[in-house]
Amino acid sequence: MRPVIVHFLRSLIVFLLNSYDESVSFQKLLTREEDIAGRFLSLVDNHCTEHHDINWYADELHLSPKYIMHVAKKVTGVSAENCISEHLVRQAKSLLLTSTFSIQQISDRLGFKNQSHFGTFFRRAVGMSPKAFRNGNS
């Protein structure tokens with residue numbers, strides 16, 4: 001009986017070691033920069049309507065704005081400012097197409113100083129005014 005138990009235990013150990021090796025190889029460990037970029041993008045996702053400026057994100061991550069800009073560009077291929085802008089544009093487009101909010105209300109929801117500032121931002125990013133975008137996609 002003892003050789004059967006020993007064989008079983010050896011087989012179990014080999015199985016567990018192989019399983020561990022496979023799980024470690026499938027699990028990608030993030031670099032520090034990837035972790036920072038992920039945390040930055042998460043903050044942008046949750047706070048871009050309140051904070052359009054890179055300095056707030058840098059303060060939240062306890063890093064310099066210059067380093068955040070470097071990491072965002074390196075990891076995502078897009079500047080930190082563009083990450084924030086792209087997120088705002090996606091939200092603006094979504095609100096323009098799916099809500100009955102006025103453009104002023106959308107501007108307020110997205111944290112712009114006024115409707116004019118929002119219009120200028122949107123026009124630069126999309127190539128048309130928010131009103132034209134809404135009317136052209138109705």
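This is a short talk about how the helices of one chain pack together.

Okay, so before anything else: what you have up there is a predicted model. Let's start with the overall layout. The chain has eight helices and zero strands, so reading from the N terminus, the order of elements is simply α-α-α-α-α-α-α-α. There are 138 residues in the chain, and 28% of them are buried. If you take the contacts with a separation of 6 or more, 55% are between residues 24 or more positions apart.

Now, the inside. The largest nonpolar core has 30 residues. Which of them touch the most other members? Those are F40, Y57, I68, I84, L88, L110 and F118. As for where the core comes from, the helices that give two or more residues to it are α2 (32–47), α3 (54–61), α4 (65–76), α5 (80–98), α6 (103–109) and α7 (115–126). Helix α5 gives the largest share, with eight residues.

Let me pick out one of those core residues, L110. What does L110 contact, if we leave aside neighbours within four places in sequence? The list is C48, T49, H52, L88, Q91, A92, L95 and F118. Two residues on that list, L88 and F118, also turned up a moment ago among the core members that touch the most others.

Next, helix packing, and I'll do two pairs. A quick reminder for anyone who doesn't do this daily: we describe two packed helices by the angle between their axes and the distance between the axes.

First pair, α3 and α4. Their axes come within 8 Å and cross at roughly 95°. Anything from 65 to 115 degrees counts as roughly perpendicular, and therefore α3 and α4 are roughly perpendicular to each other. On the α3 side you've got I54, N55, A58 and L61, and they meet P65, I68 and M69 of α4. Sorted by class, that contact has six nonpolar residues, one polar and no charged ones.

Second pair, α4 and α5. Here the axes come within 7 Å, crossing at roughly 70°, so α4 and α5 are roughly perpendicular to each other as well. From α4 the residues are I68, M69, A72 and T76, and from α5 they are A80, E81 and C83. The class split is five nonpolar, one polar and one charged. Keep an eye on I68 and M69 if you rotate the model: α4 uses both in its contact with α3 and both again in its contact with α5.

Last topic, aromatics. How many aromatic pairs does a search of the whole structure find? Six. Take W56 and Y57: the ring centres are 5.0 Å apart with the planes at 90°, so that pair is edge-to-face. Y57 is buried, at a relative accessible area of 0%.

Then there's F122 with F133. Their ring centres sit 5.5 Å apart and the planes are at 70°, so this one is edge-to-face too. F122 is in helix α7 and F133 is in helix α8 (residues 130–136), so the pair ties together parts that are eleven residues apart in sequence. Are these two buried or exposed? F122 counts as buried at 0% relative accessibility, and F133, at 9%, counts as buried as well. Both belong to one aromatic cluster, formed by F112, F118, F121, F122 and F133. And F118, remember, is also on the list of core residues that touch the most other members.

That's it from me.

How values were computed:
Residues numbered from 1 in each chain as written. Predicted model: local features only at pLDDT ≥ 70, side-chain atom pairs only at ≥ 80, totals over all residues. Heavy atoms only, no water. Core = buried A, V, L, I, M, F, W, Y, C linked by side-chain atoms within 4.5 Å. Buried < 20%, exposed > 50% of the residue type's maximum accessible area, 1.4 Å probe, protein only. Helix = DSSP H or I, 4+ residues; strand = E, 2+ residues; numbered from the N terminus. Contact = heavy atoms within 4.5 Å. Axes fitted to C-alpha atoms, helices over the stretch in contact; angles between N-to-C directions. Parallel < 35°, antiparallel > 145°, perpendicular 65-115°, else oblique. Nonpolar A, V, L, I, M, F, W, Y, C, P; charged D, E, K, R; others polar. Phe/Tyr/Trp six-rings, centres within 6.5 Å; stacked < 30°, edge-to-face > 60°.
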